[in-house]
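Here is a short walk through a two-chain model, one piece at a time. Have the structure open while you read.

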Amino acid sequence: MKKIGTIVTVLIVLLLCGASFYVGAFNAEGAKFALPHIQMAPEVLFYIGSFPVSNTLLVTLGVDALLIVAAWASTRKIRSGDEAALVPTGLQNFAEWMYETMYDASLNVLGDKLEKLPGVITLLFTIFIFILFANWIELVPGFDTIGLVEEVEHHGYTLSEWGPIALIHGPVLEEGGYTLKPILRAANTDLNVPLMLAIVAVVMVQYYGVYYLGKSYFLRFFNYKAFSHGATGIFEFLASVLEIVSEFAKILSFSFRLFGNIFAGSILLAVMAFLFPFMAPAAFYFLELFVGFIQAMVFMMLTASFIAVALSEHGDHEEGHAAA
Amino acid sequence: MTPDVMRLLAAGLAMGLGAIGPGVGIGLVGLGGTQAIGRNPEAGGVILTNMILAIAFAEAVAIYALVIALILLFVV
């Protein structure tokens, strides 16, 4: 049984190699391949009423569904109270290992406060697995490359029919032509998704600050107590008002960091596939695996460190000043 | 120079000049991190995590330059 599976896999891989070689090297007679269509805003596939459904929204919902099903399947034995769940195997084992690793990483940052804050580990772990799988799903073949062919007014490409499949290739036409509207596109290449995650993360940082410190959390932003130091207090007060700006800067840097990395990654993969189609893209796929993981990790760890900073008493800060 | 040429030049300059600072910064972080691991190999895990966080901060500046370059190329 196993042997047949191996043979079928090898055959499929050979077929794909042959097809890409044929399409890439021989089918485009004299016509050089054009660079793929690159667009920052997500392509709108269809409308439900007046609500535009873009390709990134489809993928976001797909990743959500995947994670919900995986979470359900990996905790099924635990919820049914099965004795066998005490010795985890398979998917449950993998989920527990991932959760434990992330729990330890958050524990390093937040320390004993991790258990005192309700839901903080849920927030951090959700951010991590959502971004991780939203990034990695981009590497599945078919993303960014299979889609609807549509006519455009400017900078289109020429089109050739190949059986039931339409292929887009160069040379670039200045006026008119065709372009590809991919059906699937990685969620984080749409600025809205990282922006939403960043807003959620920063709002939750404020929430945990207020939860842990109460009203005194807002001293961070309006440090009226500084006036008791005398005239120089006004500068301390103004510096504390600047903290409000830094909260908005966090949203900006969170969202652009994730968006820039993943969007640049998808362009890099597309460009590499056109520059040198046969072996080189594999190396960049590996790089993108790494970048996708690092970005998910960084987003989670930064959220954890911002929460840790928000929990620190403003008083500690003042004492530090007095000592210095 | 036509506006198109200026746009391409501006995008190239934005990315090229914007990558100098983060490049130096990430190099310094790597230098510090590897030296720290060399002196205290037991703390390697914690140092690595903090090193990656610091690299992410330095890299963000290059990402801003990248976003500007992309906007110049594809949006403006």
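## Chain B at a glance

The radius of gyration used here is taken over C-alpha atoms, and the yardstick for a globule is 2.2 Å times the number of residues to the power 0.38. By that rule, a compact globule of 76 residues would come out near 11 Å, but chain B has 17 Å. Bear in mind that this is a predicted model.

The box tells a similar story: the C-alpha atoms of chain B fill roughly 60 × 20 × 10 Å along the principal axes. Chain B has 3 helices and 0 strands, running α-α-α from the N terminus on. Just 16% of its 76 residues count as buried. As for contacts within chain B with a separation of 6 or more, 83% of them come from residues 24 or more positions apart.

## Helix α2 of chain A

Now over to chain A. Helix α2(A) covers residues 55-74, and its 20 residues should span 28 Å at 1.5 Å a residue; the end C-alpha atoms are 28 Å apart, so expectation and model agree.

Which residues of α2(A) are buried? They are A:Asn55, A:Thr56, A:Val59, A:Thr60 and A:Val63. Looking down the axis of α2(A), these buried residues fall within an arc of 140 degrees, so they line one face of the helix. A bit of helix geometry helps here: an α-helix has 3.6 residues a turn, so residues three or four places apart point the same way.

What does the buried side of α2(A) pack against? Its partners in chain A are β1 (44-48), β2 (51-54), α6 (120-136), β6 (178-182) and α7 (192-213). The face turned away from that side carries exposed residues: A:Leu61, A:Ala65, A:Ile68, A:Val69 and A:Trp72.

## The largest nonpolar core

The largest nonpolar core has 52 residues, and A:Ile127, A:Phe128, A:Ile131 and A:Phe299 touch the most other members. Both chains feed into this core: α2, α4 (90-110), α6, α7, α8 (233-275) and α9 (280-311) of chain A, along with α1 (3-18) and α3 (44-75) of chain B, each supply at least two residues.

Take A:Ile131 as an example. Setting aside neighbours within four places in sequence, A:Ile131 is in contact with A:Leu258, A:Gln295, A:Ala296 and A:Phe299.

## Where the chains meet

Across the interface, 16 residues of chain A are in contact with 13 residues of chain B. On the chain A side, α4, α8 and α9 each supply at least two residues, and α8(A) gives the most, with 6 residues. That side of chain A divides into 10 nonpolar, 5 polar and 1 charged.

Technical notes
Residues are numbered from 1 along each chain as its sequence is written. Chains are lettered from A and ligands numbered from 1 in the order in which they are written. This is a predicted model: local features need pLDDT of at least 70, side-chain atom pairs count only at pLDDT 80 or more; totals for chains, interfaces and linings use all residues. Helices (H or I, at least four residues) and strands (E, at least two) are DSSP runs, numbered from the N terminus. A residue is buried if 20 or more other C-beta atoms lie within 10 Å of its own, exposed if 12 or fewer, and partly exposed in between; C-beta atoms are placed from the backbone. Two residues are in contact if their C-beta atoms, placed from the backbone, lie within 7 Å. The expected span of a helix is 1.5 Å times one less than its number of residues. The arc is that of the directions from the helix axis to the C-beta atoms. A nonpolar core is a set of buried Ala, Val, Leu, Ile, Met, Phe, Trp, Tyr and Cys residues joined through C-beta atoms within 7 Å. Ala, Val, Leu, Ile, Met, Phe, Trp, Tyr, Cys and Pro count as nonpolar, Asp, Glu, Lys and Arg as charged, and the others, Gly among them, as polar.
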